[in-house]
Amino acid sequence: MAEKKKIDWLSVLQGFSMLLVIIGHVVLTNVPGDATTPIATGIGRIIYSFHMPLFIFISGWLFYYTCIGRDKPYKEMLVSKAKRLAIPFFAFTIIAMVLKLAFPQLMHRVVDVEEIVNTFLFFRSNPLGEMWFVIVLFELMLLYPIYKLIINNSFSAILGLGGNFDKQLLP
């Protein structure tokens, strides 16, 4: 298998976006909207206006680079993404639920039967609210065949690449 090259600008963008999440979640916790902290409120609004779309963009680019552009079979992609996204999601969710059920008096939001059903059957909730991104990312990756169809047919025709769209974008 050919060795994958690291894309320097994308690595820098990943680090920058992680820093924004840390600033938004740690430094600005409970600050946005507080009239006594107008600068922090402004910074929070700016960060929250684009940091998650930036993560989706980076994830999409890497998904193209590692799967679509390499014409990875759907089953292989699905197993790979399940290992990297679904297994950690369920592991952290189960650990969080156990802790929330064991120590409800210490929790801001307790776990009940409805939360369990919504977490594991409908993916509408999670005891770790931040995990929504992992599920959305996994669901977007399930659309892999549609992405391939669109990229290989539409973009190649529009850009006049004669079906070589993938080869011209990969390093």
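User: Which helix does Phe-57 lie in?

Analyst: This is a predicted model, so read every value as computed from it. Phe-57 belongs to helix H2.

User: Is Phe-57 buried, partly exposed or exposed?

Analyst: Burial is read from relative accessible area, with under 20% as buried and over 50% as exposed. Phe-57 has 41%, so it is partly exposed. Outside its neighbours up to four places away in sequence, Phe-57 touches Trp-9 and Leu-13.

User: What is the relative accessibility of Ser-17, and which residues is Ser-17 in contact with?

Analyst: Ser-17 sits in helix H1, residues 8–27. Its relative accessibility is 0%, so Ser-17 counts as buried. Beyond neighbours within four places in sequence, Ser-17 contacts Leu-54, Phe-55 and Ile-58.

User: Let me step back. How many helices and strands does the chain have?

Analyst: Start with the secondary structure count. There are seven helices and zero strands. In sequence order the pattern reads α-α-α-α-α-α-α.

User: What share of the residues of the chain is buried?

Analyst: The chain has 171 residues, and 32% of them count as buried. Now look at contacts with a separation of 6 or more. Of these, 64% are between residues 24 or more positions apart.

User: How do I check the span of H3 against its end C-alpha atoms?

Analyst: Use 1.5 Å a residue. Helix H3 covers residues 74–102. Its 29 residues should span 42 Å, and the end C-alpha atoms are 40 Å apart, so the two agree.

User: Where is the kink in H3 centred?

Analyst: A span check does not replace a look at the local bend. The kink in H3 is about 45° and is centred on Ala-82.

User: Which residues of H3 are buried?

Analyst: First the general idea. An α-helix has 3.6 residues a turn, so residues three or four places apart point the same way. Now the case here. The buried residues of H3 are Met-77, Lys-81, Leu-85, Ala-86, Phe-89, Thr-93, Ala-96, Met-97 and Lys-100.

User: At what angle do H3 and H4 pack?

Analyst: Take the angle and the axis separation together. H3 and H4, the latter residues 113–120, pack at about 175°, with axes 12 Å apart. Over 145 degrees counts as roughly antiparallel. Therefore H3 is roughly antiparallel to H4.

User: Which residues make the contact?

Analyst: H3 brings Phe-90, Thr-93, Ile-94 and Met-97. H4 brings Glu-115, Ile-116, Thr-119 and Phe-120. By class, the residues of this contact are five nonpolar, two polar and one charged. Two of the H3 names also come up in burial: Thr-93 and Met-97 are buried.

User: What sign does the phi of Asp-71 have?

Analyst: Most residues other than glycine have a negative phi. Asp-71 is not a glycine, yet its phi is positive, about 55°. Asp-71 lies in the loop between helix H2 (38–68) and H3. At 48% relative accessibility, Asp-71 counts as partly exposed.

User: Which residues is Lys-148 in contact with?

Analyst: Set aside neighbours within four places in sequence. Lys-148 then contacts Ile-68, Asp-71 and Lys-72. Lys-148 is found in helix H6, residues 144–159. With a relative accessible area of 16%, Lys-148 is buried.

User: How many residues apart along the chain are Lys-148 and Gly-69?

Analyst: Compare sequence separation with distance in space. Lys-148 and Gly-69 are 79 residues apart along the chain, and their C-alpha atoms are separated by 8.5 Å.

Terms used
Residues numbered from 1 in each chain as written. Predicted model: local features only at pLDDT ≥ 70, side-chain atom pairs only at ≥ 80, totals over all residues. Heavy atoms only, no water. Axes fitted to C-alpha atoms, helices over the stretch in contact; angles between N-to-C directions. Helix = DSSP H or I, 4+ residues; strand = E, 2+ residues; numbered from the N terminus. Parallel < 35°, antiparallel > 145°, perpendicular 65-115°, else oblique. Contact = heavy atoms within 4.5 Å. Nonpolar A, V, L, I, M, F, W, Y, C, P; charged D, E, K, R; others polar. Expected span 1.5 Å × (residues − 1). Bend = angle between axes of the 7 residues up to and from the residue. Buried < 20%, exposed > 50% of the residue type's maximum accessible area, 1.4 Å probe, protein only.
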